[in-house]
Protein chains: 2
Amino acid sequence: MNFKDMKVQIISIGNELLIGDTINTNASWLGAYMTSLGFEVTEVHTISDKIELIKSTLSRSMSDSDMVLCTGGLGPTHDDITKAAVAELFGVNLRTDKRVLDYIKKLFETRNIPFSKSNSGQAEVPENCEVLFNKMGTAPGMWFHEEDCYLACMPGVPYEMKYLMENHISKKIQKAFGDIGFLHSRYLKTVGIGESTLSDNIIGDVSSHFENGVSLAYLPMPGGVTLRLNGMGKTLSEAEKSVNILAEYIYSKAGKYIIGEGKELTISEALGKILIQQNKTIATAESCTGGMIANELTNIAGSSAYVMGGIVSYANSVKVDQLGVSEKDLENFGAVSKVVALQMAKGVAKKLDTDIGISTTGIAGPDGGTIEKPVGTFWMGFWSKDEHFAIKALFTKDRLLNKERSSRTTLEMARRVLLNIDEMPYNLEKEYI
Amino acid sequence: MNFKDMKVQIISIGNELLIGDTINTNASWLGAYMTSLGFEVTEVHTISDKIELIKSTLSRSMSDSDMVLCTGGLGPTHDDITKAAVAELFGVNLRTDKRVLDYIKKLFETRNIPFSKSNSGQAEVPENCEVLFNKMGTAPGMWFHEEDCYLACMPGVPYEMKYLMENHISKKIQKAFGDIGFLHSRYLKTVGIGESTLSDNIIGDVSSHFENGVSLAYLPMPGGVTLRLNGMGKTLSEAEKSVNILAEYIYSKAGKYIIGEGKELTISEALGKILIQQNKTIATAESCTGGMIANELTNIAGSSAYVMGGIVSYANSVKVDQLGVSEKDLENFGAVSKVVALQMAKGVAKKLDTDIGISTTGIAGPDGGTIEKPVGTFWMGFWSKDEHFAIKALFTKDRLLNKERSSRTTLEMARRVLLNIDEMPYNLEKEYI
């Protein structure tokens with residue numbers, strides 16, 4: 001069976017989606033999930049809680065595709081209208097599922113909540129469905145096979161929906177569509193390099209790998225460019241093998257830009273791991289970023305092992321009094337200067353007695369720019385007993401974006417120094433005293 | 001004309017929406033917008049860039065509703081497939097709109113980009129449409145009236161779509177549907193009080209106001225509960241009047257919890273305004289929040305007028321050396337204690353020479369909790385020459401949520417002190433030395 005021909009439609013039920021109170025993230029997640037399994041997602045229908053509309057949409061979608069995924073309308077507050085609509089559509093009755101009923105009763109018992117009739121309705125399902133047990137909530141999932149189409153109904157609560165997809169429906173799909181193949185994904189995160197430089201100059205053309213069922217996507221995200229490697233195979237190890245060959249090639253070309261793997265990996269987490277491995281401590285001296293770097297570093301559980309602390313020196317007096325920046329240099333070169341960035345990084349490391357000091361000083365905006373130093377001008381400093389330098393960048397006109405970019409660039413600068421990578425983020429030049 | 005009977009459907013065109021690369025935020029925004037105008041949003045269709053599918057979806061939606069809003073598929077990279085589909089559906093040809101063509105040519109000239117034939121295609125529109133001039137991009141909006149239904153086509157780029165809705169289509173709707181009425185909204189932001197306490201105990205039943213066409217919604221957001229007051233009237237001043245009467249009533253009941261107005265207002269912005277008004281400066285001493293408070297404060301443009309800086313004292317040695325916390329007290333009471341929070345707040349204000357010092361020390365988690373001081377235990381300190389106290393809270397088990405909540409609570413604590421409001425956020429008790 002060729003999966004390129006498999007069509008799926010998604011139906012999202014709920015007024016909250018139509019009036020804009022809730023953004024339909026379920027449909028995006030399901031779209032990505034089904035695409036990764038090789039299905040073509042042709043339509044998403046978001047509809048209100050009306051029985052006739054649910055029936056007609058279900059009926060049309062099922063006749064136009066091989067599979068339909070339906071979310072929402074299963075909670076007790078929705079009067080179980082999805083189940084009633086499905087039962088009417090298929091001309092069957094509802095039955096009470098004993099396992100689900102017992103489970104819900106027990107759940108209420110544990111939580112000391114009285115069990116009412118409307119709660120027992122949660123255990124009712126159309127006669128012709130296969131129940132998909134939902135241990136994340138009270139509404140079960142349902143699986144139907146009617147008129148040459150498969151239908152899965154799930155609650156609209158995102159984590160319940162995802163649980164059912166990943167644990168039950170994925171298996172049902174495997175079974176229903178036979179040799180569906182296996183998907184293996186790796187997410188390689190890069191920081192400090194632009195998407196086009198990375199794709200055109202560093203990695204180059206890798207289309208020869210695509211013959212093995214592998215795909216490579218460049219996903220620009222706020223923290224950097226993530227490389228998504230997807231591989232499909234008849235077995236999991238086949239899928240892994242082709243992905244790993246491409247990953248190895250990418251590492252050989254772009255290894256120094258890759259901070260690690262995983263969709264959610266951040267530069268502060270990657271840097272933290274290195275600091276632990278090297279048994280080193282760090283402190284921050286922040287002007288323009290105003291505490292953002294310290295905040296990012298301490299978002300990581302266990303960061304107290306290597307973050308001693310930091311000084312937010314927003315006012316020049318704090319730079320002088322707390323970090324030992326020279327008043328004369330401040331006057332001569334200005335707060336946004338190489339010499340001040342250097343003194344801040346060294347000052348905080350000395351003061352807080354750490355192995356490494358990092359610093360930022362810049363013009364975040366919207367005001368404060370000059371012709372010589374426009375909004376977006378940033379100096380970022382590094383100090384350790386082995387190295388002491390600063391890098392200069394011109395970011396954007398947007399205050400928050402500037403804070404974010406200089407924070408990330410500073411953290412990536414530290415990561416590269418610790419790993420003896422000479423090239424700085426965005427190829428910025430190291431400047432010494 | 002009664003607007004309760006007006007039905008609208010939304011069609012979002014684009015593969016990126018179906019495969020989950022882009023979340024359909026346009027549909028949510030449009031749903032909220034049309035709901036606020038009194039329309040019933042019955043269906044949202046997200047479909048791929050296929051001409052037959054676009055035609056059949058358009059045709060069905062138009063016959064089922066009074067108005068259809070369509071986004072996407074207008075860019076030059078999409079081969080203008082939406083325009084071709086619409087022209088085919090209505091049996092008309094495309095014509096070149098001179099004003100749009102001149103505008104695009106000029107745009108390219110200014111940017112020094114060569115003008116190609118595919119670019120001139122952007123100026124082509126179906127003969128039967130009224131062009132909605134789009135000064136935010138190159139693809140114009142289009143307005144149709146066919147078979148008793150209105151159709152608006154817009155680009156999928158969110159800010160272009162919003163521009164067209166707010167500046168052109170809103171007026172077209174007014175004209176098309178006659179006495180549509182006017183909507184006036186106010187967003188009152190509260191911090192430091194739970195939704196149910198606010199609605200049940202403080203504000204109470206306001207349903208008598210609803211007769212004047214006003215509605216009140218409690219919107220729980222990460223930063224607190226926002227009250228949305230919507231009013232509809234035959235004239236704008238009528239809509240404003242009924243909203244203002246309800247707002248006045250809410251201020252009389254819940255004024256001290258309201259930090260200001262506007263959807264995007266943050267507690268750090270509200271506090272900043274007060275500090276400027278009172279000509280006072282502030283410094284932060286952060287342990288568990290790790291720089292988050294300083295970061296929030298400095299996210300506000302112009303904050304350098306009142307934020308002198310801060311000290312992130314993650315390690316105890318930094319608390320002692322930089323903030324003057326007593327080593328003995330640290331030993332006797334632990335870092336997460338009233339006395340340490342008090343000393344941190346005072347210490348940073350003295351050291352950075354500010355009018356106000358605020359501090360946090362707590363167990364952010366996931367580890368580090370004890371039976372006496374479980375994860376989520378936080379002390380937040382305040383110092384000024386007039387007052388010196390700390391408040392204690394038990395937040396959650398989640399590290400990032402804990403950082404966020406204690407940051408917000410600390411900022412709100414400071415706001416209330418500055419405004420002489422004795423009640424602390426979440427009714428926490430002030431504890432003195």
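Strands β15 (residues 356-362) and β16 (residues 377-383) of chain A pair in the antiparallel sense over six bridges, where pairing requires that DSSP find at least two bridges between two strands. Strands (E, at least two residues) and helices (H or I, at least four) are DSSP runs, numbered from the N terminus. The model is predicted: local features need pLDDT of at least 70 and side-chain atom pairs count only at pLDDT 80 or more, while totals for chains, interfaces and linings use all residues. Residues are numbered from 1 along each chain as its sequence is written, with chains lettered from A and ligands numbered from 1 in the order in which they are written.

Within the antiparallel pair, Thr361(A) has Trp379(A) of β16(A) as its bridge partner. β15(A) also pairs with strand β13 (residues 282-286) of chain A, this time in parallel and through five bridges; here Ile282(A) is matched with Ile356(A). Seven of the seven residues of β15(A) are buried, so the strand is largely enclosed by the rest of the structure. A buried residue has 20 or more other C-beta atoms within 10 Å of its own, an exposed one has 12 or fewer, and a partly exposed one falls in between, with C-beta atoms placed from the backbone. In a regular strand the side chains alternate between the two faces of the sheet. In β15(A), Ile356(A), Ile358(A), Thr360(A) and Gly362(A) point one way, Gly357(A), Ser359(A) and Thr361(A) point the other way, and all are buried.

In chain B, helix α14 (residues 338-352) spans 21 Å from first C-alpha to last, close to the 21 Å expected for its 15 residues at 1.5 Å a residue, the expected span being 1.5 Å times one less than the number of residues. Because 12 of the 15 residues are buried, α14(B) is largely enclosed by the rest of the structure; among them are Leu342(B), Met344(B) and Lys346(B). The helix is followed by Asp353(B), with a positive phi near 55°.

Turning to the two chains together, a turn of 180° and a shift of 0.1 Å along the axis lay chain B on chain A with an RMSD of 0.1 Å, by least squares on the C-alpha atoms of residues with pLDDT of at least 70 in both. That is the relation of a two-fold axis. The same surface serves both copies, as 100% of the contact residues of chain B recur in chain A; contact means C-beta atoms, placed from the backbone, within 7 Å. Strand β2 (residues 40-47) of chain A joins β2(B) through five bridges, running antiparallel, and Thr46(A) has Val44(B) as its bridge partner.

Definitions and conventions: Two residues are in contact if their C-beta atoms, placed from the backbone, lie within 7 Å.
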